[in-house]
Amino acid sequence: MAIASSSRSKPGPLSKLRKNRAVQRFLESTSGLIGLGLTLFIVLAALLAPVLNPYDAASARDYAARLQGPSLAHWFGADGLGRDILTLVWYGLRTSLLIGLVSVLIGLLIGVGLGLAAGYFRGWIETVIGWITDVMLAFPSVLLAIAVVTVTGPSVISVMVAVGIVQIPKFIRLTRSMVLSLREQEFVQTVRAFGAKPPRIVFLHILPASLAPLVVQATLAIGTATLEAAGLGFLGLGAQPPTPELGTMLSDAFKGGYSLSAPWTIVFPGLFITLTVLAFNLLGDGLRDALDPKGSQ
Amino acid sequence: MGRYILRRLIQLVPVLLGISLLVFAFLHLIPGDPAVTLLGDRATPEAVEQLRERMGLNQPLPLQYLSFLGSLLSFDLGTSIFTGVPILDEIKLRWPATFELSVVAMLIALLLGIPAGVIAAVKKNSLVDNLTMSGSLLGVSMPVYWLGLLLVYLFAVNLQWLPPSGRIGIDAGYSFQPITGFFIFDALIQGDFAALGNILSHLVLPAVTLSTIPLAIIARITRSAMLEVLSQDYIRTARSKGLKELMVIGKHALKNAMLPVVTIVGLEFGTLLGGAILTETIFSWPGIGSWIYGGILQRDYPVVQGGVVFVAFMFVLVNLLVDLSYAFLDPRIQYK
């Protein structure tokens with residue numbers, strides 16, 4: 001145990017080199033760099049939404065500009081209620097990004113916890129968790145999320161929970177497979193021989209060693225989660241007015257019957273959903289190249 | 001092989017039980033009394049009590065689950081609150097529309113995705129490869145319903161080349177007699193080519209929209225599977241024998257690269273059957289997806305419940321078929 005903890009607190013020259021190599025590999029990955037740039041742009045835009053906007057997303061309505069196309073006053077045009085679409089997009093980005101992040105966090109925490117338990121303890125615990133995973137994966141993800149929101153009622157929190165639940169089985173499977181391969185490795189066997197208790201082995205030794213693939217999977221999952229959340233928003237199950245959300249904006253335009261006569265009401269929200277998902281997909285690819293070179297081959 | 005199929009079928013039992021348990025729990029977790037939800041706020045207490053009795057809601061939960069399971073096993077999925085039509089009849093009516101759309105979307109994805117993946121692998125790191133991979137990344141990053149709306153705007157509203165929604169036009173639909181519900185098949189066996197053209201034109205936009213994600217994924221998987229196969233010794237042997245490159249790629253490499261592609265096709269097809277909710281809604285496609293969506297909007301819980309059970313069961317069935325197809329595709333896999 002002493003050996004293991006000392007190697008943890010003072011990273012040896014080898015691990016430093018590896019870290020540098022990971023950074024180097026990331027810097028060499030075109031997709032990673034584009035992804036990082038796009039992600040920074042999206043996150044900044046979402047954070048600065050109140051600064052960037054001349055209008056209030058919830059209340060500012062310019063009825064004269066109703067359904068007008070892009071102009072100097074309204075760069076992305078105005079929607080059916082005369083709201084500035086640029087403002088709605090910035091604020092909507094905030095909601096969508098928040099949903100993406102929180103839902104992945106939910107999926108990650110529960111999924112990794114169950115995955116660790118299943119992989120480490122085996123036996124009936126593994127059987128039960130495996131059964132739960134199989135059942136959850138038997139539902140197409142959109143449908144599972146819809147079922148959850150139908151129970152909890154449409155709201156931003158419900159979407160976070162629904163999309164988070166949909167993410168759980170992926171993290172269970174990944175973590176379980178990591179634990180299964182790690183638990184037989186020498187460093188884990190050594191710690192166990194020193195008498196370390198299961199929680200210590202799992203959280204201090206196995207979990208840190210499985211971090212790289214989990215970080216990659218989580219980054220990619222933010223993209224998927226954002227897409228699924230926008231889908232729920234489009235079905236009217238997401239953020240409720242006046243909270244702006246990108247999927248809900250598409251839904252308003254579609255249900256309001258002006259999506260085709262005023263295409264800017266759908267082009268920009270959809271574009272920013274795509275950019276957000278693309279950003280995290282590219283970033284995830286870059287991180288995989290950097291942290292988990294075997295997985296990217 | 002027979003024993004393997006039997007074992008896989010037995011393994012399905014706990015999963016199917018889990019699905020039924022989850023769906024049962026789902027209906028009971030909805031806040032409030034289901035009877036009040038079904039009847040509305042203005043229902044008299046007597047009416048609510050009567051419905052509770054009729055729905056078996058006064059029985060203990062385990063007993064309610066058993067009777068739910070019993071009705072599932074006898075294919076009794078209840079009736080729609082709003083139309084009063086039995087859920088199973090509605091599924092029978094709508095299922096062909098979803099199936100037809102999914103099959104055509106998957107055909108588009110296969111016909112474009114496999115060649116794109118093969119070319120990208122053979123010309124690795126070329127412009128074609130980069131374009132294919134960027135396109136495939138864009139494909140999985142786009143909300144499909146957004147793409148659908150843009151396609152409708154471009155091809156139906158602006159250019160007016162294709163119809164924006166529905167399965168068949170009013171004029172063609174007037175004389176057309178569906179037999180099986182699979183419109184392409186029905187038009188073909190009746191030799192009604194005018195209707196066939198009309199049906200196909202209605203299929204283009206939804207099928208292209210729905211094919212985006214599987215197309216992107218198939219192209220990616222084909223590329224990576226081909227890259228792995230192309231680096232193997234037997235390919236070098238085939239080349240050194242003097243075989244033409246087209247033969248090496250088309251016959252020797254492609255065949256062995258297809259196994260992961262089959263897995264993905266199966267998974268994606270399962271998703272298409274159930275995940276078409278958004279696409280079907282955009283195009284007013286009268287399938288299972290738009291029906292479930294209607295059920296959600298109207299709070300028609302038996303419809304949502306029945307639809308979800310049906311889609312989940314189909315999903316499991318398709319995955320089973322994929323597993324079984326391995327035996328035929330790869331004789332190296334042993335089934336004990």
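Author: Helices in what follows are DSSP runs of H or I at least four residues long, numbered from the N terminus. Bear in mind that this is a predicted model.

Reader: OK, what is chain A built from, and how many helices are there in it?

Author: Reading from the N terminus, you meet one α after another. Chain A has 0 strands to break up that run. That leaves the helices, and their number is 14.

Reader: What percentage of the residues of chain A count as buried?

Author: A residue needs under 20% relative accessible area to be called buried. Chain A has 297 residues to sort by that cut-off. The buried share comes to 51%.

Reader: Which helix gives the most to the lining of the largest cavity?

Author: The count is 1 cavity of 30 Å³ or more, and the largest holds about 50 Å³ of space. Two helices of chain A, helix 5 (85-121) and helix 12 (246-255), each supply at least two lining residues. The top contributor gives 3 residues, and that is helix 12 of chain A.

Reader: How many charged residues are in the lining of that cavity?

Author: The lining includes Ile85(A), Leu88(A), Met249(A), Ala253(A) and Tyr258(A), along with Asp79(A), Arg83(A), Asp252(A) and Thr265(A). Asp and Arg belong to the charged class, so Asp79(A), Arg83(A) and Asp252(A) go there. By class the lining has 5 nonpolar and 1 polar residues, and the charged ones number 3.

Reader: Is Ser103(A) buried or exposed?

Author: You'll find Ser103(A) in helix 5 of chain A. Leaving aside neighbours within four places in sequence, its contacts are Met160(A), Val163(A), Gly164(A), Gln167(A) and Ala225(A). Because its relative accessibility is 0%, Ser103(A) counts as buried.

Reader: And how far apart in space are Ala78(A) and Trp264(A), C-alpha to C-alpha?

Author: Ala78(A) sits in the loop between helix 4 (49-52) and helix 5 of chain A, and it is buried at 1% relative accessibility. Along the sequence, 186 residues separate Ala78(A) from Trp264(A). In space, C-alpha to C-alpha, the gap is 8.2 Å.

Reader: Why does Thr39(A) count as buried?

Author: Thr39(A) belongs to helix 3 (residues 30-47) of chain A. Beyond its neighbours within four places in sequence, Thr39(A) is in contact with Ala279(A), Phe280(A) and Leu283(A). The call of buried needs a value under 20%. Thr39(A) is buried because its relative accessible area is 9%.

Reader: Now chain B: how many residues in the contact of helix 13 of chain A with helix 7 of chain B are nonpolar?

Author: Helix 13 (residues 264-291) of chain A packs against helix 7 (residues 144-158) of chain B at about 145 degrees, with the axes 10 Å apart, and the crossing is left-handed. From chain A come Ile266(A), Val267(A), Gly270(A), Leu271(A), Ile273(A) and Thr274(A), which meet Tyr145(B), Trp146(B), Leu149(B) and Leu150(B). The contact has no charged residues and 2 polar ones, while the nonpolar number 8.

Reader: Last one: which residue with a positive phi follows helix 14 of chain B?

Author: Helix 14 (residues 288-297) of chain B is mostly covered, with 8 of its 10 residues buried, including Trp291(B) and Tyr293(B). After that helix comes a residue whose phi is near 55 degrees, namely Arg299(B).

How values were computed. Residues numbered from 1 in each chain as written. Chains lettered and ligands numbered in written order. Predicted model: local features only at pLDDT ≥ 70, side-chain atom pairs only at ≥ 80, totals over all residues. Heavy atoms only, no water. Buried < 20%, exposed > 50% of the residue type's maximum accessible area, 1.4 Å probe, protein only. Contact = heavy atoms within 4.5 Å. Axes fitted to C-alpha atoms, helices over the stretch in contact; angles between N-to-C directions. Left-handed = near helix turned anticlockwise from the far one by under 90°. 1 Å grid on protein atoms, 1.4 Å probe; cavity = no way out; pocket = protein on both sides within 12 Å on 5 of 7 lines; lining within 4 Å. Points joined across faces, edges and corners; volume = space filled by probe spheres on them.
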